[in-house]
Amino acid sequence: MDTPSFDIRPTITPTATNVRDEILSAPGFGQYFTDHMAHVRWTADGGWHGAELRPYGPLTFDPASPVLHYAQEIFEGLKAYRHGDGSVWCFRPERNAARFRQSADRLALPRLDDATFIESLRVLVEKDAAWVPTPQDASEECSLYLRPFMIANGKFLGVKPATEVDYYLIASPAASYFKGAGKPVSIWLSAHYNRAAPGGTGFAKTGGNYASSLVAQQEAIDHGCDQVAFLDAAENKWVEELGGMNLFFVYRDGRLVTPALTGTILEGVTRDSVLTLAPELGLTPEERAISIDEWRDGVASGEIVEVFACGTAAVITSIGQLVTENETIESPAGNEISQRLRTHLLDIQYGRAADTHDWLTQLA
Ligand SMILES: *Cc1c(COP(=O)(O)O)cnc(C)c1O
């Protein structure tokens, strides 16, 4: 389909400037939302139609709407960054658009074409540009978090793919994801729960993966940890990822190892960007299986010098310790490489370093 032009229906009750300024001074994460949202509707008969930008607000559903019962849902997450000259950019949105299509295929939802996906980002960010926070200096990681999602709608309780679907985009001003950005986080190793299994939905960004990870995340918090790490479901041996972030291991000899994509790991845009930037920092990237024993023994022998997690929300976060039911594995004290990668990535995203990979798209 041709890129639709979105029908613009502005709110008649925009947030007052002083209220917005107060929100932007301490936005937290995912708590406040901008004045508008984008919407496109799909029906089996009519395809995608009715693209609009409309006031942000509650949705109404029929109680028999399939998303409420069978979780036929997918989402994305990316950020809009304000550069020093006031312009607003997003990072590799075509990767998110492509992943959204792959997730749609797995969840038997219709594909939204990439041009419509990216146009929805542009119309919302253009309209709500005043909601994109301005960093005061290079240490401040504020942005406008963008959350596209697609849900099965309609009215039936039969188990079959929906014939009515809605795509929405909402936006939320964000400070850094973890309190005290850059501080190492602690990880709980889930022994009882897996996130994904072969043939399942691990590679798709879908709410069900998160729903099933919450009890493990709660276990992590109960053990005083920040996040949970999952092993593979078949052997409970191979390291996969955290609930919402990919994992990397830095070796003393300069290798940078991350678990290979096997269908049970979400292919992070940040993961791919780190793999691309690694050689520029003198590192040798390696995608392969890594076992929990290699993690433990590598840290003990000093072979592994840093462990970190990465994702759009939290960028790059050092892992300070791994806690299991029987032991606590202290990660090496170093975070020099992960901090260099983090700074390099942020400098590109905020327009402070040259965009040599053509990763940025201007939105406003
Ligand atoms: C979104 C997500 C990531 C990180 O992906 P990015 O594109 O880097 O934000 C990693 N793991 C899971 C399970 C995710 O849902």
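Modeller: Ground rule for charges: Lys and Arg are positive, Asp and Glu are negative, and His and the chain ends aren't counted. Each charge is placed at NZ of Lys, CZ of Arg, CG of Asp or CD of Glu. Also, this is a predicted model, where local features need pLDDT of at least 70 and side-chain atom pairs count only at pLDDT 80 or more, while totals for chains, interfaces and linings use all residues. Residues are numbered from 1 along each chain as its sequence is written, and side-chain values use heavy atoms, with hydrogens and water left out.

Biologist: Okay, so how far apart are the centres of the positive and negative sets?

Modeller: The protein carries 30 positive and 48 negative side chains. Take the centre of each set, and the separation is 2 Å.

Biologist: What radius of gyration does the protein have?

Modeller: Start with the parts: eight helices and 18 strands, taken as DSSP runs (H or I, at least four residues, for helices; E, at least two, for strands) numbered from the N terminus. The globule rule (2.2 Å times the number of residues to the power 0.38, with the radius taken over C-alpha atoms) gives 21 Å for 364 residues, and the protein comes close to that, so it's as compact as a globular protein of that length, with a radius of gyration of 21 Å.

Biologist: What share of the contacts between residues at least 6 apart in sequence joins residues at least 24 apart?

Modeller: Contact here means heavy atoms within 4.5 Å. Of the pairs at least 6 apart in sequence, the share joining residues at least 24 apart is 72%.

Biologist: Is Trp 295 buried or exposed?

Modeller: Trp 295 sits in helix α7, residues 292–301, and touches Val 239, Leu 247, Phe 249, Ile 304, Val 307, Ile 319 and Leu 322, not counting residues up to four places away in sequence. The classes are buried (under 20% relative accessible area), exposed (over 50%) and partly exposed in between, with a 1.4 Å probe and protein chains only. At 0% relative accessibility, Trp 295 is therefore buried.

Biologist: Which residue offers its backbone oxygen to a polar side-chain atom of Thr 317 at 3.3 Å?

Modeller: Thr 317 belongs to strand β16, residues 315–323, and is buried because its relative accessibility is 4%. A polar contact is a pair of N or O atoms within 3.5 Å; within protein, one must be able to donate a hydrogen and the other to accept it, and residues adjacent in sequence count only if both atoms are side-chain atoms. The backbone oxygen at 3.3 Å from the Thr 317 side chain comes from Ala 314.

Biologist: Which residue's side chain makes a 2.4 Å polar contact with Glu 141?

Modeller: Glu 141 is in the loop between α4 and β7 (143–153), yet buried, since its relative accessible area is 11%. Its C-alpha is 9.0 Å from that of Tyr 81, 60 residues away along the chain. The 2.4 Å side-chain partner of Glu 141 is Arg 342.

Biologist: What phi does Ala 108 have?

Modeller: Most residues other than glycine have a negative phi. Ala 108, in the loop between α3 (93–106) and α4 (114–127), is partly exposed because its relative accessible area is 41%. Its phi is positive, near 55°.

Biologist: And what phi does Asn 236 have?

Modeller: Asn 236 lies in the loop between β10 (227–231) and β11 (239–242). With 36% relative accessibility, Asn 236 is partly exposed. Again phi is positive in a residue other than glycine, near 50°.
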